[in-house]
Amino acid sequence: MDRKLLKQNARMSFKRKHGESIVVALIMSLFAGGSFSFNFGSGSSGESDYYYEYSTDSFEDVFSNIPDDFLIGFITGLIGVTLVFSLAGIFLGPAFTVGGNRFFLKLRKGVNTGIGEVTGNFKDGNYWNITKIFFIKNIKVALWSLLFIIPGIYKSYEYYLIDHILAV
């Protein structure tokens, strides 16, 4: 099969389910590919050419007007939101990833499919099996990474297509 025919088939498949494909990709990126990190530092590491001088009095004045209850509530809320998104990524991400891959595989083959394919793993009873496999995969990659960085990278490439295999 030549490249032009492959591109033409891909365009026709995408045109057929253009809106649904975008929604499925959005769902997959929100639940499966989301990475949440908060950087409270200055962003620079090491020595800098610039020297900033500030008095501790002005720094304390900025935060003295904010009530302690507000700061504690804000930080607790921030931790809570981060925890909720992390748990959603751990428990919902694998099922949405496999469902999204199944959607795009069926779309590529020309099989009639819909957005319900993304949530199909919750209905057909594969949810816990998929979540368990992803959890074991992540634990194995983390443990191999403890030996040295190279074995962790090797194992992550070795387990890279598990979600595609589960989608088939």
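**A tour around helix H2**

Helices H2 and H5 cross with a left-handed twist. Keep in mind as you click around that this is a predicted model.

To see that crossing, select H2 and H5 together: their axes come within 9 Å and cross at roughly 155 degrees. Angles over 145 degrees count as roughly antiparallel, so that is what H2 is to H5.

Next, show the side chains where the two helices touch. On the H2 side, pick Glu20, Ser21, Val24, Ala25, Ile27, Met28 and Phe31. On the H5 side, the contact is made by Gly93, Phe96, Thr97, Gly100, Asn101, Phe103, Phe104 and Leu107.

Now hide H5 and stay with H2, residues 18-31. Try a distance between the C-alpha atoms at its two ends: they are 20 Å apart. That agrees with what you'd expect, because 14 residues at 1.5 Å a residue should span 20 Å.

Which residues of H2 are buried? Colour Ser21, Val24 and Met28, and you have them. Turn the view to look down the axis of H2: these buried residues fall within an arc of 65 degrees, so they line one face of the helix. To find what covers them, bring back H5 (93-109) and add H1 (3-16), which are both included in that cover.

Finally, zoom out to the whole protein chain. There are nine helices here and zero strands. Of the 168 residues, 21% are buried. As for contacts with a separation of 6 or more, 70% come from residues 24 or more positions apart.

Notes: Residues numbered from 1 in each chain as written. Predicted model: local features only at pLDDT ≥ 70, side-chain atom pairs only at ≥ 80, totals over all residues. Heavy atoms only, no water. Helix = DSSP H or I, 4+ residues; strand = E, 2+ residues; numbered from the N terminus. Expected span 1.5 Å × (residues − 1). Buried < 20%, exposed > 50% of the residue type's maximum accessible area, 1.4 Å probe, protein only. Arc of directions from axis to C-beta. Contact = heavy atoms within 4.5 Å. Axes fitted to C-alpha atoms, helices over the stretch in contact; angles between N-to-C directions. Parallel < 35°, antiparallel > 145°, perpendicular 65-115°, else oblique. Left-handed = near helix turned anticlockwise from the far one by under 90°.
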